[in-house]
Structures are given as structure tokens and as C-alpha cells.
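Work through the exercises below with the sequence and the 3D structure open. Each task is followed by a solution in steps.

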Amino acid sequence: MALAVALTGCNDSGSGKGRRGSGSVGSSSSDGKKTYRLGEASPPQESTMKASKDSKFTVTPTKVQTGTTADMDNSGLDKDKDKAPKIPVYVWSTLTHKSGKAMEVGDMDNDLVVKTDKGERTRALIVIMGDAKWPNCPEPDTLKKLSAGQSEKICTAFLIPEGQKAAAVQLSQGFSSAPLEWPVKN
């Protein structure tokens with residue numbers, strides 16, 4: 001059995017993949033645009049990671065799919081008997097390194113959040129011990145480095161309360177700015 005943690009209440013700018021300090025992004029759109037269509041790239045985001053300081057990248061959520069209780073049952077995760085049942089939401093994204101020093105894939109997607117139709121916000125699932133298995137959503141190689149001009153298509157799993165639906169994918173913009181948002185059509 002795998003042990004996993006899903007982070008909620010996500011107006012914070014830390015954790016993400018849980019390896020290092022804050023991965024909050026340092027820039028937002030110059031035209032003030034905050035809402036995008038799935039498949040539309042974010043404006044260039046600036047890395048705040050020490051190893052890739054000042055590098056720029058874009059995040060393009062392309063597809064969102066809600067999983068089933070069977071997916072959860074077959075995932076290998078321990079169920080927390082004290083908490084409400086959860087179901088997975090799969091978000092496919094393209095991460096594109098635009099300029100600067102090489103960056104790890106996990107540094108580019110660590111500010112993604114799924115917002116539900118009930119207003120809950122959940123960060124990506126972090127599996128601490130073992131593996132979680134999801135149909136058609138392999139775990140990304142978060143340590144893979146991308147150089148300027150390179151892209152990586154990834155799938156990220158999020159856990160939301162059973163009975164809720166994914167309403168949007170968001171990209172946190174730190175404490176002082178509203179997140180960028182890609183509404184999900186259900």
C-alpha cells in the first residue's frame with residue numbers, strides 16, 4: 001500500500017511536489033488576463049527556484065478528466081477511514097521551458113491546483129511511500145530537466161471529495177495575486 005498526502009487550502013505558495021521550498025511563480029500576464037481556455041498557454045512564468053532563478057516557462061493545461069471510485073480502489077493508496085471518500089481528477093498539461101537555465105519538470109507544475117464546483121482547492125497528490133497507479137495517467141518524471149525550447153506532456157493526479165466536480169485548473173501566482181484559471185466544461 002502507498003501512503004499519500006493531498007494538500008488542500010491552497011492559497012499558499014509552497015509545497016507542490018514537496019521537495020524544496022516555495023515554487024511560487026513570479027510574474028503574471030502583462031495584459032491582466034486571468035482566465036484561459038484549456039489548451040491555451042499561461043503567460044511566461046518566472047522560476048523562483050534557486051537552481052533555475054530567472055528561468056521562464058509556460059504551463060498549458062490541455063485536458064481534465066474525473067476518475068472513479070474504482071480508480072481510487074485500484075490505485076494502491078490507503079484509504080483514510082476517518083475522512084470523506086475521495087476520487088481522482090487527472091489533469092494533462094504541457095510544460096514548456098522558454099528561457100534561462102534548465103529546469104526540472106516538478107518545478108514547473110508545482111503551483112497547479114484543481115478547484116471544485118464547491119469552491120475547494122486541492123494541490124496535486126504527493127505519494128510519500130510506494131506508488132499510486134492511475135489508468136492512463138502515468139506519474140511524471142519530476143526530476144527530468146528541460147532546457148530552453150523543450151516541452152514535456154505530463155499527467156498529474158489530484159484528489160477531490162467524492163460527489164464534487166472539477167470546475168477549473170488554476171496556477172497559483174503567490175500570495176498577492178489571483179491565480180490564473182482554466183475553467184473545465186463538464
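## Exercise 1. The chain as a whole

Of the chain's 186 residues, 47% count as buried, where buried means under 20% relative accessible area, exposed over 50%, and partly exposed in between (1.4 Å probe, protein chains only). This is a predicted model, in which local features need pLDDT of at least 70 and side-chain atom pairs count only at pLDDT 80 or more, while totals for chains, interfaces and linings use all residues. Residues are numbered from 1 along each chain as its sequence is written, and side-chain values use heavy atoms, with hydrogens and water left out.

Task: state how many helices and strands there are in the chain, and in what order the elements run.

Solution. Step 1: the chain has two helices and eleven strands; helices (H or I, at least four residues) and strands (E, at least two) are DSSP runs, numbered from the N terminus. Step 2: reading from the N terminus, the order is β-β-β-α-β-β-α-β-β-β-β-β-β. Step 3: among contacts between residues at least 6 apart in sequence, 72% join residues at least 24 apart, a contact being heavy atoms within 4.5 Å.

## Exercise 2. The open sheet

Task: find the order of the four strands in the open sheet and name its edge strands.

Solution. Step 1: the order is S2-S3-S4-S9, with antiparallel pairing; two strands pair if DSSP finds at least two bridges between them. Step 2: the edges are S2 (45-46) and S9, each of which pairs on one side only. Step 3: S2 and S3 are joined by two bridges, and Gln45 faces Phe57 of S3. Step 4: between S4 and S9 there are eleven bridges, with Ile87 opposite Ile160 in S9. Step 5: S9 is largely enclosed by the rest of the structure, because nine of its eleven residues are buried.

## Exercise 3. The nonpolar cores

Task: identify the residues with the most contacts inside the largest nonpolar core, and the element that gives this core its largest share.

Solution. Step 1: a nonpolar core is a set of buried Ala, Val, Leu, Ile, Met, Phe, Trp, Tyr and Cys residues joined through side-chain atoms within 4.5 Å. Step 2: the largest one has 24 residues, and Val64, Val89, Val91, Val114 and Phe158 have the most contacts inside it. Step 3: the elements that each supply at least two residues include S3 (56-66), helix H2 (105-108) and S6 (112-116). Step 4: the largest share, four residues, comes from S4. Step 5: a second, separate core of eleven residues includes Tyr90, Trp92, Leu125 and Ala157. Step 6: leaving out residues up to four places away in sequence, Val64 touches several residues, among them Leu38, Val89, Tyr90 and Val169.

## Exercise 4. Strand S10 and its partners

Task: decide whether S10 is mostly covered or uncovered, and trace its pairing.

Solution. Step 1: five of the six residues of S10 are buried, leaving the strand mostly covered. Step 2: S6 and S10 run antiparallel and are joined by five bridges, with Gln170 of S10 as the bridge partner of Val113. Step 3: S10 also pairs with S11 in the antiparallel sense, over four bridges. Step 4: Gln170 stands opposite Glu181 in S11.

## Exercise 5. Disulfide and salt bridges

Task: locate the disulfide and describe three salt bridges.

Solution. Step 1: a disulfide is a pair of cysteine sulfur atoms within 2.5 Å, and the whole structure holds one. Step 2: Cys137 and Cys155 form it, with their sulfur atoms 2.0 Å apart. Step 3: this pair links distant parts of the chain, with Cys137 in the loop between S7 (121-129) and S8 (145-146) and Cys155 in S9, 18 residues apart. Step 4: both Cys137 and Cys155 are buried.

Step 5: a salt bridge is a side-chain nitrogen of Lys or Arg within 4 Å of a carboxyl oxygen of Asp or Glu; the search finds six. Step 6: Lys33 and Glu40 meet at 2.6 Å, N to O. Step 7: Glu46 and Lys56 meet at 3.0 Å, N to O, and they connect S2 with S3. Step 8: Asp111 pairs with Arg123, their closest N and O atoms 3.8 Å apart, and both residues are buried.
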